[in-house]
Amino acid sequence: MTVTVSTPPAAPPRPGLLRTVVVLGALVALGPLTMDLYLPALPAIVSDLKTTDTLVQLTLTGTLLGLGLGQLVIGPLSDALGRRRPLIWGVALHVVASLASVVAWNIGVLSVLRVLQGVGGAAAAVVAMAVVRDLFDGRAAATVLSRLMLVMGASPILAPMLGSAVLLAGSWRWAFATLALLGAGLLGVAAFALPETLPADRRRSARVGSSVRAYRSILGDAPFVLLALATGAGFAASFSYVAGASFVLQGQYGLDQQQFGLAFGVCAAAMIAGAQLNPWLLRRFAPLQVAGGALVVMVAAAAAGVGLQATGIGGLGGFVVPVMVMLAGSSLVVPNTSALAMSRHGQAAGTAAAVVGAIQFGVGALVAPVVGLLGNDGTGTAAAMGGAALLAALALVAHVNRDEHAASAAGE
């Protein structure tokens with residue numbers, strides 16, 4: 001049965017829009033903070049829990065799986081119940097899972113709790129995307145998503161630095177206590193500062209059958225799926241770096257925890273640069289052109305990175321510079337391809353956002369163990385980033401070819 005609850009109008013006044021974008025920026029930080037704040041502690045977790053590098057990397061995979069699968073549930077719920085309630089429930093789950101992680105006694109328990117953290121964090125990711133689609137469309141949506149990418153770029157800068165500072169004061173368990181405190185703060189923000197953007201007359205049925213039909217319609221839309229795959233692969237390129245960074249920078253190049261935080265921040269700053277550049281580019285080019293050009297540059301940078309690492313030329317700079325180029329490219333690909341995908345299904349924005357997010361985090365989840373299998377070194381990380389960028393480029397080419405074929409058939 002469709003739930004009907006009185007809500008404010010879908011388009012709040014202009015000051016309300018500004019406040020909503022600021023709140024969304026705070027919420028989208030939850031995922032990157034959850035993934036990145038504990039990165040400096042990965043070697044300590046390996047030692048304390050007497051486990052292996054690969055198994056600890058699987059805690060990253062578990063978080064991404066939770067983020068992806070959680071969105072598939074929360075997306076339809078947000079279309080049926082409105083945006084606020086699923087968001088509040090999800091962030092509350094994240095806080096509880098973070099507190100439980102503080103006392104995790106083995107890697108298996110920690111991995112399960114990381115999945116639950118991801119499920120809770122999925123609420124912030126899917127609701128933020130759905131709210132953007134409620135309020136904006138087309139280039140405007142891509143521009144707003146670029147502003148949110150600024151937060152996603154700043155979060156990786158601040159998270160390892162914060163994690164390093166926490167490790168100076170205590171053990172790796174303190175990192176999860178910090179996540180619990182941050183989650184509690186965001187829970188307050190979600191409860192008191194985010195307006196409802198989906199009015200009752202636009203809500204869909206909460207029945208399982210209705211959700212299944214919505215997913216069938218969205219997954220049957222090949223252009224949407226190709227754009228979502230390009231988004232997921234573009235994100236996976238940046239996550240390849242996240243998965244391998246601590247082992248490359250600390251293990252291969254011998255940086256300590258504080259130096260790691262600074263080096264990680266320098267690379268993440270490239271994401272901010274790309275996100276800042278995107279609105280300027282969108283005034284001159286179509287979103288598809290921006291994403292396509294960025295992917296060409298990313299593939300070239302990956303090839304250069306693999307070559308420099310294989311030959312040992314450039315040292316630390318030979319790893320960091322190509323990574324910065326690829327991270328900047330990723331922040332041009334993800335907002336544009338996701339905005340194009342979301343524009344196709346505004347009537348079920350929550351469900352569409354869930355599919356985009358599930359593909360995004362699902363592809364990302366496959367990357368962490370791949371980086372480990374490739375050796376957890378600079379060559380493997382650069383190769384994984386390049387492979388993800390190539391996959392995104394192939395998805396985008398398939399999308400363009402399909403559109404051209406459809407236009408040609410219509411002309412006949």
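This is a short exchange about helix packing and burial in a predicted model.

Biologist: How are two packed helices described?

Modeller: By the angle between their axes and the distance between the axes.

Biologist: What are the values for α10 and α11?

Modeller: Helix α10 covers residues 222-252 and helix α11 covers residues 257-282. Their axes come within 10 Å and cross at roughly 135°.

Biologist: Why is α10 called oblique to α11?

Modeller: Angles over 145 degrees count as roughly antiparallel, and 65 to 115 as roughly perpendicular. The angle here is roughly 135°. It falls in neither range, so α10 is oblique to α11. The crossing of α10 with α11 is right-handed.

Biologist: Which residues of α10 and α11 meet?

Modeller: On the α10 side they include Tyr 241, Val 242 and Leu 249. On the α11 side they include Phe 260, Ala 263 and Phe 264. The residues of this contact divide into eight nonpolar, three polar and no charged.

Biologist: Where else does Tyr 241 appear?

Modeller: In the largest nonpolar core, which has 114 residues. Tyr 241, Ile 45 and Leu 87 are the residues with the most contacts inside that core. Helix α10 gives the most to this core, with 16 residues.

Biologist: What is Leu 87 in contact with?

Modeller: Leave aside its neighbours within four places in sequence. Leu 87 is then in contact with Leu 27, Ala 123, Ala 124, Val 127, Ala 190 and Leu 194.

Biologist: Why is α11 called oblique to α13?

Modeller: These two helices pack at an angle of about 40°, with their axes 7 Å apart. Roughly parallel needs an angle under 35 degrees, and roughly perpendicular starts at 65. About 40° fits neither, so α11 is oblique to α13. This crossing is right-handed.

Biologist: What makes up the contact of α11 with α13?

Modeller: Its residues divide into 15 nonpolar, four polar and no charged. Among them are Cys 267, Met 271 and Leu 281 in α11, and Val 323, Leu 327 and Pro 335 in α13.

Biologist: Does Gly 329 count as buried or exposed, and why?

Modeller: Gly 329 is in helix α13, residues 315-342. Its relative accessibility is 6%. Buried means under 20%, so Gly 329 counts as buried.

Biologist: What does Gly 329 touch?

Modeller: Ala 294 and Met 298, not counting residues up to four places away in sequence. Gly 329 and Val 296 are 33 residues apart in sequence and 9.0 Å apart in space, C-alpha to C-alpha.

Technical notes: Residues numbered from 1 in each chain as written. Predicted model: local features only at pLDDT ≥ 70, side-chain atom pairs only at ≥ 80, totals over all residues. Heavy atoms only, no water. Axes fitted to C-alpha atoms, helices over the stretch in contact; angles between N-to-C directions. Helix = DSSP H or I, 4+ residues; strand = E, 2+ residues; numbered from the N terminus. Left-handed = near helix turned anticlockwise from the far one by under 90°. Contact = heavy atoms within 4.5 Å. Nonpolar A, V, L, I, M, F, W, Y, C, P; charged D, E, K, R; others polar. Core = buried A, V, L, I, M, F, W, Y, C linked by side-chain atoms within 4.5 Å. Buried < 20%, exposed > 50% of the residue type's maximum accessible area, 1.4 Å probe, protein only.
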